[in-house]
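Trainee: I'd like to walk through this protein with you before I head back to the bench. Can we take it one question at a time?

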Amino acid sequence: MRVLELFSGLGGWRRALQDRGQVVAVYDVSEAANATYALNHDQVPRPKELATVPPQELLEHGADTWLLSPPCQPFCRMGNHRDLEDRRSRAFCHLMDVFREAPPDHLVLENVEGFLGSEAHALLSERVWAHGLHQLELQACSSHFGLPNQRPRVFIVASRKSLRPLPQPDLSPRPLADFLDAVEDERLYLQAEAHTRHHQGLDLVTAEDRRSACFIGGYGRRFVGSGSFLKTEQGVRRFSPSEVARLLGLPEGFRFPPNLSLEARYRLLGNGLSIPVATWALDHLGVH
Ligand SMILES: C[S@@+](CC[C@H](N)C(=O)[O-])C[C@H]1O[C@@H](n2cnc3c(N)ncnc32)[C@H](O)[C@@H]1O
């Protein structure tokens with residue numbers, strides 16, 4: 001596979017791809033995401049607004065596969081549900097115009113559950129069918145892949161090859177203790193005032209638990225509905241970015257640029273892919 005990685009973030013698709021293909025070009029508009037990608041992979045993403053990239057430029061890479069995770073806010077439970085009307089869908093619409101003229105042989109798109117049944121979903125399906133490609137709609141959660149974290153996601157897999165759904169592993173989640181840092185960062189503990197103000201709405205878990213709530217991009221700032229908080233003998237604290245990274249299935253060697261703020265790290269992770277789930281979605285293309 002010759003892969004275009006679009007909306008690349010910290011490079012979850014590339015991580016899931018491993019050596020099943022060659023990533024020929026990578027696009028993301030975020031400086032923080034691109035610095036993190038470049039540090040972890042031997043490639044520098046193109047820092048471009050995808051809605052304005054000329055179709056010719058995208059086609060010149062000679063890619064036969066598109067892997068993409070467009071912004072999910074237009075389809076999110078907590079978003080505005082403006083779907084294709086949302087300005088953050090402009091890049092997706094542009095890519096659908098390119099697809100109409102020159103579709104790749106394979107495409108895998110990841111998004112939140114709200115993408116299913118959206119106008120964006122209908123537009124993609126229309127393009128896929130118009131070119132005679134096959135399509136699968138998959139739903140999966142990292143909690144079925146051995147990870148103690150809720151991350152329900154939708155994958156649209158399209159291909160010139162015929163497709164059939166593969167079984168999910170259905171592994172029991174391991175305890176959170178397996179994912180915690182050896183040395184705690186004391187700064188992650190909530191101060192008394194924040195604890196008093198928010199404790200009733202917090203999703204609290206302990207190291208023995210085998211679950212945690214989905215971590216969203218705002219976890220560094222928000223308390224309620226943004227992810228779980230860990231209760232220890234010492235108090236209540238946020239999960240560290242490296243703990244959240246492990247819960248996404250990122251490897252120990254995964255790194256952030258040293259000068260990247262804590263909030264920015266949580267934002268990138270909150271946008272990220274669960275690696276075992278993305279790997280399973282890619283398996284549907286039948287390249288091992
Ligand atoms: C849901 S995240 C993708 C996460 C990625 N799959 C990963 O593994 O980290 C969406 C990404 O798209 C980028 N993005 C959003 N709008 C964009 C646009 N119009 N052009 C280029 N990149 C964009 C954001 O900076 C963000 O990194």
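What follows is a set of questions and answers on a predicted model.

Trainee: How many helices and strands are there in the protein, and how compact is it?

Mentor: Start with the elements: there are 9 helices and 9 strands. For 288 residues the globule rule gives 19 Å, and the radius of gyration comes out close to that, so the protein is as compact as a globular protein of that length. The value you want is a radius of gyration of 19 Å.

Trainee: What share of the 288 residues is buried?

Mentor: Keep in mind that a residue needs 20 or more other C-beta atoms within 10 Å of its own to be buried. The C-alpha trace spans about 60 × 40 × 35 Å along its principal axes. Within the protein, the buried share of the 288 residues is 41%.

Trainee: How is the protein divided, and how far apart are the C-alpha centres of the domains?

Mentor: Domain 1 takes in 2-169 + 274-283, and domain 2 is 176-268. Notice that domain 1 is written as two stretches, 2-169 and 274-283. Between the C-alpha centres of domain 1 and domain 2 you get 27 Å.

Trainee: Which element gives the most to the side of domain 1 that touches domain 2?

Mentor: There are 18 residues of domain 1 in contact with 18 residues of domain 2. On the domain 1 side, α2 (31-40) and α9 each supply at least two residues. That side divides into 9 nonpolar, 7 polar and 2 charged residues. The element giving the most, with 6 residues, is α2.

Trainee: Okay, so what do the buried residues of α2 pack against?

Mentor: First pick out the buried residues of α2: Ala33, Asn34, Ala35, Thr36 and Tyr37. Those residues pack against two elements, β2 (22-27) and α8 (262-271).

Trainee: Glu31 lies in α2 too. Is Glu31 buried, partly exposed or exposed?

Mentor: Glu31 is in helix α2, and its C-alpha atom is 9.6 Å from that of Gly9, 22 residues away along the chain. Now count the neighbours: buried takes 20 or more, exposed takes 12 or fewer. Glu31 has 13 C-beta neighbours inside 10 Å, so it counts as partly exposed.

Trainee: Which residues have the most contacts inside the largest nonpolar core?

Mentor: That core has 70 residues, and its largest share, 6 residues, comes from helix α9 (residues 275-283). Both domains take part, with at least three residues drawn from each of domain 1 and domain 2. The residues with the most contacts inside the core are Leu6, Val108, Ala278 and Ala281.

Trainee: Let's stay with Ala278. What is Ala278 in contact with, leaving aside its neighbours within four places in sequence?

Mentor: Ala278 is one of the residues with the most contacts inside the largest core. With the neighbours within four places set aside, the list for Ala278 is Gly12, Trp13, Ala16, Glu110 and Leu273.

Trainee: Which residues are closest to the ligand?

Mentor: The ligand is surrounded by 22 residues. By type, this shell divides into 12 nonpolar, 8 polar and 2 charged. The closest are Phe7, Gly9, Gly12, Ser30 and Ser69.

Trainee: Something about Gln18 caught my eye. What is the phi of Gln18, and where is Gln18 found?

Mentor: Most residues other than glycine have a negative phi. Gln18 goes the other way, with a positive phi although it is not a glycine. With 11 C-beta neighbours inside 10 Å, Gln18 counts as exposed. Gln18 is found in the loop between α1 (12-17) and β2, and its phi is about 50 degrees.

Trainee: And Asp83: what is its phi, and is Asp83 exposed, partly exposed or buried?

Mentor: Asp83 sits in the loop between β3 (65-68) and α4 (90-101). Its phi is positive in a residue other than glycine, near 55 degrees. Asp83 has 18 C-beta neighbours inside 10 Å, so it counts as partly exposed.

Trainee: Last one: which residues is Leu123 in contact with, leaving aside its neighbours within four places in sequence?

Mentor: Leu123 is placed in helix α5 (residues 119-130). It has 18 C-beta neighbours inside 10 Å and therefore counts as partly exposed. Setting aside the neighbours within four places in sequence, the contacts of Leu123 are Leu84 and Met96.

Notes. Residues numbered from 1 in each chain as written. Predicted model: local features only at pLDDT ≥ 70, side-chain atom pairs only at ≥ 80, totals over all residues. Near = placed C-beta within 6 Å. Nonpolar A, V, L, I, M, F, W, Y, C, P; charged D, E, K, R; others polar. Core = buried A, V, L, I, M, F, W, Y, C linked by C-beta atoms within 7 Å. Helix = DSSP H or I, 4+ residues; strand = E, 2+ residues; numbered from the N terminus. Domains from an automatic or database assignment. Contact = placed C-beta atoms within 7 Å. Rg over C-alpha atoms; globule rule 2.2 N^0.38 Å.
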